[in-house]
Amino acid sequence: RGRKGMQQFFPFAGDLKTISPLSLAYVGDGVYELMIRERLIGAGNCPPKKLHTAAVALAKAPAQAAAAARILPLLTEEEQTIFRRGRNAHPARRVPQNASVEEYHQATALECLFGWLYLKGDGARLRALFEEAVKEEADR
């Protein structure tokens, strides 16, 4: 894959150390969902309703928490620090009905990490962690 991703068009010029974990998770949510959609489209053409249903199943908090558990052993110390910041953040909104509080915090941590990697411009690491995160789901 010779693509560099969106960072080549919209490089981030801010200081990542000053961005809140919830803001990183906000970006990471979009990044993670886009990566899921790309993966689903790459798997073959199917009706948009089926794509949406599959994307929602992979992007909801319990699935993200499971994905986080798969990649956690692979994280560097710096990535673990970012992950913990995301997990320990306390969003103002309520936990979705389909998720436990722990799953929601793990999902937020995953999104925080993905947002950080994206804004950092580390597309290769982002892709590698994503492939591990969805590995078991893709094998089904």
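Select Glu132 to begin: at 29% relative accessibility, Glu132 counts as partly exposed, a label for residues that fall between buried, under 20% relative accessible area, and exposed, over 50%, with a 1.4 Å probe and protein chains only. Now add Lys135, whose side chain meets that of Glu132 in a salt bridge (3.4 Å, N to O); the term stands for a side-chain nitrogen of Lys or Arg within 4 Å of a carboxyl oxygen of Asp or Glu. Lys135 is partly exposed as well, because its relative accessibility is 41%.

Before you go on, keep in mind that this is a predicted model, in which local features need pLDDT of at least 70 and side-chain atom pairs count only at pLDDT 80 or more, while totals for chains, interfaces and linings use all residues. Residues are numbered from 1 along each chain as its sequence is written, and side-chain values use heavy atoms, with hydrogens and water left out.

**The whole chain**

Show the whole protein as a cartoon, and you should find seven helices and zero strands, where helices (H or I, at least four residues) and strands (E, at least two) are DSSP runs numbered from the N terminus. Read along the sequence, the pattern is therefore α-α-α-α-α-α-α. Of the 140 residues, 37% count as buried. The protein exposes about 8500 Å², of which carbon and sulfur atoms supply 56%; such areas come from the Shrake-Rupley method with a 1.4 Å probe, and for residues only the protein chains shown count as cover. Among contacts (heavy atoms within 4.5 Å) between residues at least 6 apart in sequence, 74% join residues at least 24 apart.

**Helix α5**

Next select residues 101-120, which make up helix α5. How far apart are its end C-alpha atoms? They are 28 Å apart, which agrees with the span expected for 20 residues at 1.5 Å a residue, a value found as 1.5 Å times one less than the number of residues. Colour this helix by accessibility and you will see that α5 is mostly covered, since 16 of its 20 residues are buried. Just after α5, stop at Gly121, which takes a positive phi of about 85°.

**The nonpolar core**

Now select Tyr32, Ile36, Ile71, Leu113 and Phe114, which touch the most other members of the largest nonpolar core, a group of 33 residues. A core of this kind is a set of buried Ala, Val, Leu, Ile, Met, Phe, Trp, Tyr and Cys residues joined through side-chain atoms within 4.5 Å. The elements that give two or more residues to this core are α1 (21-42), α2 (48-59), α3 (61-71), α4 (77-88), α5 and α6 (123-133), and α5 gives the most, with nine residues.

**Around Tyr32**

Centre the view on Tyr32 and, leaving aside its neighbours within four places in sequence, look for the residues in contact with Tyr32, including Leu58, Gln64, Ala67 and Leu110. A search of the whole structure finds two aromatic pairs, meaning rings of Phe, Tyr and Trp (its six-membered ring) with centres within 6.5 Å, where planes under 30 degrees apart count as stacked, over 60 as edge-to-face and the rest as tilted. The rings of Tyr32 and Phe114 have their centres 5.3 Å apart and their planes at 80°, so this pair is edge-to-face. Because Tyr32 lies in helix α1 and Phe114 in helix α5, the pair ties together parts that are 82 residues apart in sequence. Both of these residues are buried.

Add Phe130, whose ring centre lies 5.6 Å from that of Tyr32 with the planes at 75°, so this pair too is edge-to-face. Phe130 lies in helix α6 and Tyr32 in helix α1, so the pair ties together parts 98 residues apart in sequence. Phe130 is also buried, as Tyr32 is, and ring pairs link Tyr32, Phe114 and Phe130 into a cluster.

**More salt bridges**

How many salt bridges does the structure hold? It holds seven. In one of them Glu33 joins Arg37, with the closest N and O atoms 2.9 Å apart; being four residues apart in helix α1, these two are separated by about one helical turn. Glu33 is partly exposed at 27% relative accessibility, and Arg37 is partly exposed at 44%.

For the last stop, select Glu131 and Arg127, which form a salt bridge with the closest N and O atoms 4.0 Å apart and are separated by about one turn of helix α6. Finally add Glu38 and Arg39, which are linked with Arg127 and Glu131 in a network of salt bridges.
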